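These are my notebook entries from going through one structure, written down in the order in which I looked things up.

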Amino acid sequence: MINKKFGFILATAVLSLAACGEEQSTAEDNTEVAVEQESASEKDSTSDEETTAETAEEEPMEESAPEAMSGTASDLLSNGEMTSFVFNEAGEFSIFCEPHPVMQMTVVVEEGAELMGEVEVDIADYEFGEETITVAPGTTIVWTNQDQVQHNVAIK
């Protein structure tokens, strides 16, 4: 307890000396200021924690992937970058890479399919990691470019 008070007194004294043109206060005044600063610090700390908790509740969680629709395409992906689409509608989707149209794959969306949730597909050696993939409605497919050249994911 004494060390804590001494630390506050010392800190207050240093601050007092640093303040240009202000009068130096007595040790007794410094102790009062230190106690007030400690109280204010505790209040600020509590306010910061409450504000952080409120902000976390207000901020949306991770953005969801855009819905897979004909005519949509991702941005170009550099090595290591990812893109994703969520496949909500049953049907067959033709996927290709706009800069390299020979790169193609098919996504089949059907009720009761085994794959659901999030499925990862690599893009490597100018190919999609799957030629055809069957997923349940609501599945998000995440493509990761493993090539040194840029690719994208486009839907016909």
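In what order do the four strands of the open sheet that includes β1 stand, and is the pairing mixed? I read the order as β1-β7-β4-β5, and I noted the pairing as mixed. The edge strands are β1, residues 82-87, and β5, residues 127-128, each of which pairs on one side only. I keep in mind throughout that this is a predicted model.

Entry on the chain as a whole. I counted two helices and eight strands, and along the sequence both helices precede the strands, in the pattern α-α-β-β-β-β-β-β-β-β. Of the 156 residues in the chain, 29% are buried, and the accessible surface comes to about 10700 Å², with 50% of that area belonging to carbon and sulfur atoms. I also looked up how far apart in sequence the contacting residues are: among contacts between residues at least 6 apart, 57% join residues at least 24 apart.

Entry on β4. I followed this strand, residues 118-124, to its partner β5, and found the two paired in the antiparallel sense over two bridges, with Phe128 in β5 as the bridge partner of Ile123. The hairpin they make has two residues between the strands, and Asp125 takes a positive phi there, near 55°. With β7, residues 139-145, β4 pairs in the parallel sense over six bridges, and in that pairing Val121 stands opposite Trp143. I then sorted the side chains of β4 by face: Val119, Val121 and Ile123 are on the covered face, whereas Glu118, Glu120, Asp122 and Ala124 are on the uncovered one.

Entry on the second sheet. I found another open sheet of four strands, in the order β6-β3-β2-β8, with mixed pairing. Its edges are β6 and β8, the latter at residues 154-155, and each has a single partner strand, so one side of each is left without a neighbour in the sheet. Within this sheet I looked up β2 and β3, which pair in the antiparallel sense over six bridges, and I noted Gln104 in β3 as the bridge partner of Phe96. Phe96 came up again when I checked for charges over rings, since Lys156 lies over its face at 5.6 Å from the ring centre.

Entry on the core. Which residues have the most contacts inside the largest nonpolar core? This core has 21 residues, and I listed Phe87, Ile95, Val107, Phe128, Ile141 and Trp143 as those with the most contacts inside it. The elements that give two or more residues to this core are β1, β2 (91-96), β3 (104-109), β4, β6 (132-135) and β7. I then took Ile141 by itself and, leaving aside residues up to four places away in sequence, found that it touches Thr83, Ser84, Phe85, Phe87, Val107, Val119, Val121, Ile133 and Val135.

Entry on aromatic rings. The structure holds three aromatic pairs, and the one I looked at in detail is that of Phe87 and Phe93, which is edge-to-face, with 5.1 Å centre to centre and 80° between the planes. Are these two residues buried or exposed? With buried meaning under 20% relative accessible area, Phe87 counts as buried because its relative accessibility is 0%, and Phe93 counts as buried because its value is 12%. I finally noted that Phe85, Phe87, Phe93 and Trp143 form one aromatic cluster.

Methods:
Residues numbered from 1 in each chain as written. Predicted model: local features only at pLDDT ≥ 70, side-chain atom pairs only at ≥ 80, totals over all residues. Heavy atoms only, no water. Pairing = 2+ DSSP bridges. Buried < 20%, exposed > 50% of the residue type's maximum accessible area, 1.4 Å probe, protein only. Contact = heavy atoms within 4.5 Å. Areas by Shrake-Rupley, 256 points an atom, 1.4 Å probe, with all protein chains shown as cover. Core = buried A, V, L, I, M, F, W, Y, C linked by side-chain atoms within 4.5 Å. Phe/Tyr/Trp six-rings, centres within 6.5 Å; stacked < 30°, edge-to-face > 60°. Lys NZ or Arg CZ within 6 Å of the ring centre and 35° of its normal.
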